[in-house]
Amino acid sequence: MRALRWSLTTLVVVFLIAPLFVVAVVSFNENRYMDFPPEGFSLHWYAQLWEDISWRESWTTSLVVAAASAALAVLIATPLAYLLRAYHVRLAPVLYSLGILPFMLPPVISALGALVFWNSMHHSGRIENIVMSHAIFFSTLPLVTVSLAMEAMDPSLPEAAQTLGASQRTTFRTITLPLLVPSMITGYAAAFVLSLNEYIIAFMVSRFSVVTLPIKVVNDLRYGFTPTIAAVAVVFIAIATTVFTLFALYGNLLKFLGADPAILERER
Amino acid sequence: MTERRRATRGAYAVLAFPVGMLAVFFLVPLGIMVATSFYHRIEGAFYEPAFELANWQRFFSGVYMERTLFSIGISLFAGAVSIALAFPFTYFLTRMRRRPHVVLLVLVMSALALSEVIVGFSWTVLLGRSAGISNVLVWLGVMNESAAYQPSFFAVLLGLCYIAFPYCVLTLYPQLTRLDPEVTEAAQTLGASPWRTFWTVVVPICRPIIMAGFLLVFVFTLGSYLIPAFLGRPEHWTLSVFISDQATFNANVPFAAAMALFLTFLSLGVVALVMWIEARTRRIA
């Protein structure tokens, strides 16, 4: 069993890291063509991400979309998570499922839905359409994090505030909301990273007129590989790993992923 | 938060914002998609309102049904492989010390957050001729010359497993952390080996979780778009690829809408099955 545990864990780690490792090696290659083992060492392909205007533009577009849609996702999810937990709301399970559903269904459905929606509004191919679609699609993430925070909140805290004479509004503003902020930040970060990486919705909604970074990568791949694409991949991997490492260090990654509270008390 | 207050008018007023957003930007588009699936396509132009069953008939005949069955088959296969690997992995993970536990979770989450663009690209490189795994084998002297392993069915399957595996871990993780350690300890006190405990105690207890996780990962892989497009030949394309291909390059939105609706019903059916399994498990427990 011990041998099995060790070999399975190793296999999984190798499987998850292998393609990323090869891409990282290729991205430092001096040569324009991809070789392995690589020849020479160069940061040229990384510099191009910033120097080449079309790469820089797609960076900016992606960052704007990710920042705006994650903010909107939190704005949609937080009141929903709070109200469904704090009040007896009619049809609460249905409303919660409505918030989970877009993310559960294959993304191509949301993508085509948004495409026909904006077509019928005669407002297609705009950046705000992508922001809107991403906000709805990824609002599930802050919905889950904030709902978990509501579950975990000690009920005596808002009660104490009200016993001391605070109105409901003051209690919400000074006690509940500050306690929810960490979960809102985690929800924001998760939505941000996933939006940055999202391709199919952005592609179908953009109708070839807005180019986010994943769209740019796929477009360039149609004309063959370049080490610049490998450099983009490495930057993406670095962003994802950094966000989740920060998560593990400063937030509670285990709780966010739904671990049993008992396991969190265990030895560190 | 144990006690819930009665909902006030103010609460409903605030609730109107998130629910309204979800309704307008998710439910309304779905409704328009239903209507569009009956619309008439104008060759070389776009589409016009109509009521015809042509799109549905085309979908349910011959080649597209075949592609649908292929999509379902490969997603089931990839889902099964991933869950078979992810279940023991997650079980071991939840029993690790804190540090490796967190490090592995960060790795799994990072892999999950990666775009299919990046995953697909990385595997094309790894399985490709110029910088791939075969070059390492040549370098080691195991092979004579490098070879390309993509595009192929095997490559699509590997890619799908790569995106499905972290998702499996994520769906199994919350439940497996709740597996009472006393249960496995009891089995071992009574003399069962860890191996036997795993097969005769852990797996049977977790059967509903495994089933639910498997169905969820099936829906997830069914949604994969770029992996089959990058790593496979057209005969390995899945429903998602056809939908987006019809909607964008072929400009046949009504037909794409019919296919997307079928995919919606299929996914909703599977999700309903998952909820039924979960409700039943809760009743037993």
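## A first look

Is A:His122 buried or exposed? A:His122 is exposed, since 6 other C-beta atoms lie within 10 Å and a residue counts as exposed at 12 or fewer. Keep in mind as you look around that this is a predicted model.

There are two chains to get to know. Chain A has 268 residues, and 44% of them count as buried. Its secondary structure is made of 14 helices and 1 strand. Measured out along its principal axes, the C-alpha trace of chain A covers about 70 × 60 × 35 Å. Take the contacts in chain A with a separation of 6 or more: 73% of them involve residues 24 or more positions apart.

Chain B has 285 residues, with 46% counted as buried. You'll find 13 helices and 3 strands in chain B. Its C-alpha trace spans about 75 × 70 × 35 Å along the principal axes. For chain B, residues 24 or more positions apart make up 69% of the contacts with a separation of 6 or more.

## Where the chains touch

How many residues does each chain bring to the contact? Chain A puts in 80 residues and chain B puts in 77 residues. On the chain A side, helix α1 (residues 2–27) gives the largest share, with 12 residues. Sorted by class, that side of chain A has 63 nonpolar, 9 polar and 8 charged residues.

Strands link the chains too. β1(A) is joined by 2 bridges to strand β1 (residues 5–6) of chain B, and the two run parallel. Look for A:Tyr87, which stands opposite B:Arg5 in β1(B).

## Two loop residues with a positive phi

Back to A:His122 for a moment. This residue sits in the loop between α5 (107–120) and α6 (127–138) of chain A. Phi of A:His122 is near 55 degrees, so the value is positive even though the residue is not a glycine. Most residues other than glycine have a negative phi.

A:Leu91 is another one to click on. Its phi is positive, about 60 degrees, and A:Leu91 is not a glycine either. You'll find A:Leu91 in the loop between β1 (87–88) and α4 (92–104) of chain A. Why does A:Leu91 count as exposed? Because 11 other C-beta atoms lie within 10 Å of its own, and the cut-off for exposed is 12 or fewer.

## A pair of packed helices

Two packed helices are described by the angle between their axes and the distance between the axes. In chain A, helix α8 (residues 156–163) packs against helix α9 (residues 168–197) at an angle of about 145 degrees, and their axes are 10 Å apart. The crossing of α8(A) past α9(A) is right-handed.

Which residues make this contact? From α8(A) come A:Leu157, A:Pro158, A:Ala161 and A:Gln162, while α9(A) offers A:Thr171, A:Thr174, A:Ile175 and A:Thr176. By class, that gives 4 nonpolar, 4 polar and no charged residues.

## The nonpolar core

The largest nonpolar core has 165 residues. Which of them touch the most other members? They are A:Leu112, A:Ala233, B:Ala164, B:Ile243, B:Met259 and B:Ala260. Helix α7 (residues 153–177) of chain B supplies the largest share of this core, 17 residues.

B:Met259 is a handy place to zoom in. Setting aside residues up to four places away in sequence, B:Met259 touches B:Phe59, B:Leu239, B:Phe242, B:Ile243 and B:Gln246.

## Two more residues to find

B:Met21 is in helix α1 (residues 9–36) of chain B. B:Met21 counts as buried because 20 C-beta neighbours lie inside 10 Å, and 20 or more is what buried takes. Not counting residues up to four places away in sequence, B:Met21 touches A:Ile76 and A:Ile136. B:Met21 and B:Glu43 are 22 residues apart along the chain, and 35 Å separates their C-alpha atoms.

A:Leu72 belongs to helix α3 (residues 53–86) of chain A. Here 19 other C-beta atoms lie within 10 Å, so A:Leu72 is partly exposed. Leaving aside neighbours within four places in sequence, A:Leu72 is in contact with A:Val131 and A:Ala135. A:Leu72 and A:Thr145 are 73 residues apart in sequence, with 15 Å between them in space, C-alpha to C-alpha.

Key
Residues are numbered from 1 along each chain as its sequence is written. Chains are lettered from A and ligands numbered from 1 in the order in which they are written. This is a predicted model: local features need pLDDT of at least 70, side-chain atom pairs count only at pLDDT 80 or more; totals for chains, interfaces and linings use all residues. Helices (H or I, at least four residues) and strands (E, at least two) are DSSP runs, numbered from the N terminus. Two residues are in contact if their C-beta atoms, placed from the backbone, lie within 7 Å. Ala, Val, Leu, Ile, Met, Phe, Trp, Tyr, Cys and Pro count as nonpolar, Asp, Glu, Lys and Arg as charged, and the others, Gly among them, as polar. Two strands pair if DSSP finds at least two bridges between them. Axes are lines fitted to C-alpha atoms, for helices over the stretch in contact, and angles run from 0 to 180 degrees between N-to-C directions. A crossing is left-handed if the near helix is turned anticlockwise from the far one by less than a right angle, and right-handed if clockwise. A nonpolar core is a set of buried Ala, Val, Leu, Ile, Met, Phe, Trp, Tyr and Cys residues joined through C-beta atoms within 7 Å.
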